[in-house]
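Trainee: I should like to learn how pockets, strand pairing and backbone angles are read from a model. May we work through one example together?

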Amino acid sequence: FRRTVRNASVTRDGDMVYFTVEADGFLYNMVRIIAGTLIRVGLNKLSPQSTPAIIEGKSRAAAGFTAQPQGLMLDEVFY
């Protein structure tokens with residue numbers, strides 16, 4: 001399966017961190033895995049420069065953990 005991520009951003013507002021993803025569709029746990037990978041980058045357990053290689057390598061084992069679903073929400077759907 002192939003999905004195209006059109007936009008991804010991380011913003012901060014005080015103690016809140018917002019991770020926004022726009023794509024043509026989502027695979028099972030896709031956003032949670034991306035979030036887990038970004039958390040590992042934030043904790044300095046992965047370098048930001050390693051993320052393209054993780055995506056291109058298509059190895060789930062190289063990516064971050066699957067983040068918990070609490071706090072995630074579907075905000076809007078476009079057709």
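Trainee: Which element supplies the largest share of the lining of the largest pocket, and how many residues does that share hold?

Mentor: Please bear in mind that this is a predicted model. As to the general idea, rolling a probe the size of a water molecule over the atoms shows where empty space is left. In the present case, β2 provides the largest share of the lining, with eight residues. The pocket itself has a volume of about 1200 Å³, and among its 34 lining residues F19, T20, V21, V31 and M73 are the closest to the centre. At least two lining residues come from each of β1 (5-13), β2 (16-23) and α1 (30-42).

Trainee: How many residues of that lining are nonpolar, polar and charged?

Mentor: The lining divides into 21 nonpolar, seven polar and six charged residues.

Trainee: Which residues lie nearest the centre of the second largest pocket?

Mentor: They are L27, M30, I34, I54 and I55, out of 22 lining residues. The space in this second largest pocket is about 940 Å³. Here α1 gives the largest share of the lining, five residues, while β1, α1 and α2 (51-57) each contribute at least two. By class, the lining holds 14 nonpolar, four polar and four charged residues.

Trainee: I54 lines that pocket. What is I54 in contact with, leaving aside its neighbours within four places in sequence?

Mentor: I54 touches T37, L46, S59, A62 and A63. I54 also belongs to the largest nonpolar core, whose five residues are I33, V41, L46, I54 and A63.

Trainee: Do β1 and β2 pair in the parallel or the antiparallel sense, and over how many bridges?

Mentor: The two strands are antiparallel, with eight bridges between them. Within this pairing, S9 stands opposite T20 of β2. The hairpin has two residues between its strands, and G14 there adopts a positive phi near 65 degrees.

Trainee: Which residue in the loop between β2 and α1 has a positive phi although it is not glycine?

Mentor: Most residues other than glycine have a negative phi. N29 has a positive phi, near 65 degrees, and is located in the loop between β2 and α1. N44, in the loop between α1 and α2, likewise has a positive phi, near 60 degrees.

Trainee: Why does N29 count as partly exposed, and why does N44 count as exposed?

Mentor: Exposed means over 50% relative accessible area, buried means under 20%, and partly exposed lies in between. N29 counts as partly exposed because its relative accessibility is 21%, whereas N44 counts as exposed because its value is 71%.

How values were computed. Residues numbered from 1 in each chain as written. Predicted model: local features only at pLDDT ≥ 70, side-chain atom pairs only at ≥ 80, totals over all residues. Heavy atoms only, no water. 1 Å grid on protein atoms, 1.4 Å probe; cavity = no way out; pocket = protein on both sides within 12 Å on 5 of 7 lines; lining within 4 Å. Points joined across faces, edges and corners; volume = space filled by probe spheres on them. Helix = DSSP H or I, 4+ residues; strand = E, 2+ residues; numbered from the N terminus. Nonpolar A, V, L, I, M, F, W, Y, C, P; charged D, E, K, R; others polar. Pairing = 2+ DSSP bridges. Core = buried A, V, L, I, M, F, W, Y, C linked by side-chain atoms within 4.5 Å. Buried < 20%, exposed > 50% of the residue type's maximum accessible area, 1.4 Å probe, protein only. Contact = heavy atoms within 4.5 Å.
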